[in-house]
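Welcome! This short report is a guided tour for someone meeting this structure for the first time. Please keep the sequence and the 3D view open while you read.

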Amino acid sequence: SPQNIQSKFRGCLVGSLMGDCLGGPYEGDEISSGDRIIIQRYFDKMEDASFKGPFKKYTDDTAMMKSVAKFLIDKPEPDFKYLAKLFVTEFFKEPRRGYGSNVMDVFEKLRNTKYEDIYRPSNEQFNGLGSYGNGGAMRIAPIPLYFYDKYENMLNVARESTKITHSNLLGINGALLQCIAIHQAFLIESDKPVDVDGFCKGLVEKIRPIELACYEDLNDKSETPYCEKIFTLQDMLRKKYTDDSDEEVICNIGNGISAYESVPTAIYCFLRAQNPIPGIETNNIFRRTIQYAITLGGDTDTIACMAGAIAGAHLGYEAIDKTTLQHCEKYEDIVGLSDSLFKARPN
Ligand code: R7I
Ligand code: MG
Ligand code: MG
Ligand code: MG
């Protein structure tokens, strides 16, 4: 296991916060080539110690991630009813954090039914189909950290915690894919380069059995959805970075609010950022990852949050620019939360 575990805990959760805070102002936007220059300057300004400005607010992504961390820290055994209560309490305390437009119904029902069956409200979403939004994936980061040496427990806790709000298979498996991606990145030494092709192969090996178990009627020739998407992004990465355009990435991988159109994109951003990207001027791979994610537009806070969690889990806290971090709301709390999560691990 890696040497700098505590630094990786911090890198991952702080990375998640930074993607959320810095991506927040651009959520839902379509980004033009002129906007790309504005985003470059925005990141340059954040790194300039003489720049003073109001902090960038975090959104629901971080609000819910904090609850997942607290759930792991406070209880020796996973208590999913406790997690449901943390989500609901946090939502009613600060409802205006940009939550998904349907997940609020789950919080209300949970409260009104006094948590009688914590999975029923989520099962009732979208006429019984369940949400396939990226809300399960965006908050998952503490789980692959806490269970980094307990793979099966990691998957089980990731699944059960996601199901409180998301019961559609695409929503659940998207959260599991994000969990696996963070876990894989965490296990790569921070001073070692990422083997991009190997990283994709690892993801396919792990997500395929999970997906196959879900889709029993799948015929032999068709591939499972997330595996298919990983092959697509792998193909795009193999083009040797000559003709990749943002439009192509958005069209083939996505930049939307569904898990299917955002988790693979976050993984793509992390992998693509291992090499220089035209128009993104920085030598810092962490910055390149989240700046690129925001440049793609769409669900910027969430895609940058997920990409930042993966990059931070690989690179650790040292790789993150502290001047930029200081512009993010409650950053000290997230550093403290990472350390508490690290200390809460059994052994
Ligand atoms: O998934 P969720 O928590 O939303 C997270 C997103 C992130 O971008 C946050 O930053 C925040 O802005 O919201 O919340 P949900 O309400 O469950 O899902 C989000 C949206 O995905 C819904 O409001 C729908 O627009 C869409 N969606 C679906 N649409 C049709 N059918 C999710 N599931 C379905 C579906 O089954
Ligand atoms: Mg958000
Ligand atoms: Mg929103
Ligand atoms: Mg979002």
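## Ligand 1 and its contacts

Let us start at ligand 1: one of its oxygen atoms has a polar side-chain atom of Ser 131 at a distance of 2.6 Å. Please bear in mind throughout that this is a predicted model. A second contact to look for comes from Asp 301, where a side-chain N or O atom is 2.9 Å from an oxygen atom of ligand 1. Gly 98 takes part through its backbone: an N or O atom there lies 3.0 Å from an oxygen atom of the ligand.

How much of ligand 1 does the protein cover? On its own, the ligand has 700 Å² of accessible area, and the protein covers 85% of that.

## The surroundings of ligand 1

Zooming out a little, you will find ligand 1 in the largest pocket. Two elements, α3 (60-74) and α15 (300-315), are the ones that give two or more residues to the shell around the ligand. In total, 21 residues surround ligand 1. The closest of these are Ser 101, Asn 102, Ser 131, His 166 and Asp 299, so Ser 131, with its 2.6 Å contact, appears here again.

## The magnesium ions

Now turn to the magnesium ion that is ligand 2. Which residues coordinate this ion? They are Thr 59 through OG1, and Asp 60, Asp 61 and Asp 301 through OD atoms, at 2.1 to 2.3 Å. Along the chain, these donors follow the spacing T-D-D-x239-D. Asp 301 thus has two roles to notice: its side chain contacts ligand 1, and it also coordinates this magnesium ion.

Are Thr 59 and Asp 61 buried or exposed? Both are buried. Another magnesium ion, ligand 3, is 5.1 Å from ligand 2.

## Two residues with positive phi

Next come two places where the backbone is worth a look. Most residues other than glycine have a negative phi. Tyr 115 is not a glycine, yet its phi is positive, at about 60°. You can find Tyr 115 in the loop between α5 (103-112) and α6 (120-123). With a relative accessible area of 11%, Tyr 115 is buried.

Asn 127 also has a positive phi without being a glycine, with a value near 55°. Its place is the loop between α6 and α7 (142-146). Is Asn 127 buried or exposed? Asn 127 counts as exposed, because its relative accessibility is 80% and the cut-off for exposed is over 50%.

## Pairs across the sequence

To finish, here are some pairs of residues to find in the 3D view. Ser 16 belongs to helix α1 (residues 5-23) and counts as buried because its relative accessibility is 1%. From Ser 16 to Met 65 there are 49 residues in sequence, while their C-alpha atoms are 8.7 Å apart in space. Leu 337, in helix α17 (residues 331-344), is paired here with Arg 10: they are 327 residues apart in sequence and 8.4 Å apart in space, C-alpha to C-alpha. Leu 337 is buried, as its relative accessible area is 17% and buried means under 20%.

Phe 51 sits in the loop between α2 (33-46) and α3. At 23% relative accessibility, Phe 51 counts as partly exposed. A distance of 9.4 Å separates its C-alpha atom from that of Thr 323, which is 272 residues away along the chain. Finally, Ser 33 is part of helix α2 and counts as exposed, with 52% relative accessibility. Between the C-alpha atoms of Ser 33 and Ile 250 there are 14 Å, and the two residues are 217 residues apart along the chain.

Notes:
Residues are numbered from 1 along each chain as its sequence is written. Chains are lettered from A and ligands numbered from 1 in the order in which they are written. This is a predicted model: local features need pLDDT of at least 70, side-chain atom pairs count only at pLDDT 80 or more; totals for chains, interfaces and linings use all residues. Side-chain values use heavy atoms; hydrogens and water are left out. Donors are N, O and S atoms within 2.8 Å of the metal (3.2 Å for Na, K and Ca); water is not among the atoms, so sites may look incomplete. Buried means under 20% relative accessible area, exposed over 50%, partly exposed in between (1.4 Å probe, protein chains only). A residue is near a molecule or strand if one of its heavy atoms lies within 4 Å of it. A polar contact is a pair of N or O atoms within 3.5 Å; within protein, one must be able to donate a hydrogen and the other to accept it, and residues adjacent in sequence count only if both atoms are side-chain atoms. Accessible areas come from the Shrake-Rupley method with a 1.4 Å probe; for residues, only the protein chains shown count as cover. On a 1 Å grid over the protein atoms alone, a cavity is a set of points where a 1.4 Å probe fits but cannot get out, and a pocket is an open set with protein on both sides within 12 Å along at least five of seven lines; lining residues have an atom within 4 Å of a point. A molecule sits in a cavity or pocket if more than half of its atoms lie within 2 Å of its grid points. Helices (H or I, at least four residues) and strands (E, at least two) are DSSP runs, numbered from the N terminus.
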